[in-house]
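Please open the model in the viewer and keep the sequence panel visible. The tour below proceeds by selection, one stop at a time.

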Amino acid sequence: MNARAICAEAPVIPVIIVEDLTHAVPLAEALVAGGLRVLEVTLRSAVALEAIQAMKAAVPEAIVGAGTLRHARDLARVRAYGAAFGVSPGAPAALVEAIKADGLPFLPGCASATEAMSLADAGFDTLKFFPAEAAGGAPFLKSLASPLPDLAFCPTGGIGMGNAADYLRLPNVLCVGGSWVVPPAMMLAGDWAGIEALAREAVATLGPLR
């Protein structure tokens, strides 16, 4: 699957920080049961790579990727642990070149029209818009739809149930990234049923808008 096909799988890609490795599998099971099978596990914890590996092995229907790639050297690490795709908050040249050479499905981050155009020139047609709310929100992405009709976005950053619909109604938005479906308090409590319910609500409410 390429990045665009992955983003088309569900209206929301959960942005996940796994601090306790024992949470990885039940969390993935809950999200997939709720209809969200594309999972972004960010490289912001000591067990992130092991969490990706565990989710992939135990929940084969999940499409588990790695988020917060910052350096070209991160690519080999996430590949070794079985990540199905990668996501970055920005697009440093060394990382972009490494991704192009490797071919891993990838969502490079951008926050301006110039950055989006540069990534399109580099061969990427599906981008992460980050930080979405701070960088102009849905009105900004709407303004890009006409001059850059070949580009599609996954906006992430400051998005929740209260504003996700504003993005998903746009013709150039495939999905949104968000952490609201994986609240830390629910993860700490092991409330997997509650997380599954949040995922179901997101799919039922936001899915028809795309």
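In which sense do β6 and β7 pair, and over how many bridges? The two strands pair in the parallel sense, over 2 bridges. Before going further, note that this is a predicted model, in which local features need pLDDT of at least 70 and side-chain atom pairs count only at pLDDT 80 or more, while totals for chains, interfaces and linings use all residues. Residues are numbered from 1 along each chain as its sequence is written, and side-chain values use heavy atoms, with hydrogens and water left out.

**The open sheet**

Stay with β6 and select C110, whose bridge partner in β7 is F129. Helices (H or I, at least four residues) and strands (E, at least two) are DSSP runs, numbered from the N terminus. Two strands pair if DSSP finds at least two bridges between them. Now add β8: 3 strands form an open sheet in the order β6-β7-β8, with parallel pairing. The edge strands, β6 (109–110) and β8, each pair on one side only.

**Strand β1 and its neighbours**

Next, select residues 12–16, strand β1, where 5 of the 5 residues are buried. Buried means under 20% relative accessible area, exposed over 50%, and partly exposed in between, with a 1.4 Å probe and protein chains only. V12, P14 and I16 point one way from β1, whereas I13 and V15 point the other way. In a regular strand the side chains alternate between the two faces of the sheet.

Add residues 176–178, strand β9, which pairs with β1 in the parallel sense over 3 bridges. There, P14 stands opposite G178. Then add residues 38–42, strand β2, which pairs with β1 in the parallel sense over 2 bridges. Here V15 has E40 as its bridge partner. Trace the chain from β1 through helix α2 (residues 24–33) to β2: this β-α-β crossover is right-handed. That is, with the strands pointing away from the viewer, the path from the first strand over the helix to the second runs clockwise.

**Helix α7**

Move to residues 137–145, helix α7, and colour G137, A138, L141, L144 and A145, which are buried. These residues lie on the same side of α7 because they cover an arc of only 120 degrees around the axis, the arc being that of the directions from the helix axis to the C-beta atoms. The face turned away from this buried side carries the exposed residues P139 and K142. To see what covers the buried residues, display α6 (113–121), β7 (126–129), β8 (152–155) and α8 (164–168), which are among the covering elements.

**Two backbone details**

In the loop between β7 and α7, select P131. The peptide bond from F130 to P131 is cis, with omega near -10 degrees. Then go to T68, in the loop between β3 (63–67) and α4 (72–80). T68 is not a glycine, yet has a positive phi of about 60 degrees. At 17% relative accessibility, T68 counts as buried.

**The nonpolar cores**

Select L27, L31, M55, V78, F153, V176 and W180, the residues with the most contacts inside the largest nonpolar core, which has 64 residues. Such a core is a set of buried Ala, Val, Leu, Ile, Met, Phe, Trp, Tyr and Cys residues joined through side-chain atoms within 4.5 Å. Centre on V176, which touches residues including V12, I13, C154, I159 and L168; contact means heavy atoms within 4.5 Å. A second, separate core of 11 residues includes I6, C7, I13 and L107.

**Salt bridges**

How many salt bridges does a search of the whole structure find? The search finds 7, each being a side-chain nitrogen of Lys or Arg within 4 Å of a carboxyl oxygen of Asp or Glu.

Display E9 and R37, whose side chains meet at 2.7 Å, N to O. E9 lies in the loop between α1 (3–7) and β1 and R37 in the loop between α2 and β2, so the pair ties together parts that are 28 residues apart in sequence.

Next, show R79 and D102, joined by a salt bridge at 2.8 Å, N to O. The pair links helix α4 with helix α5 (residues 93–102), across 23 residues.

Finish within α5 at K100 and E97, where the closest N and O atoms of the salt bridge are 3.7 Å apart. Being 3 residues apart in the helix, K100 and E97 are separated by about one helical turn.

Terms used:
Lists of a residue's contacts leave out its neighbours within four places in sequence.
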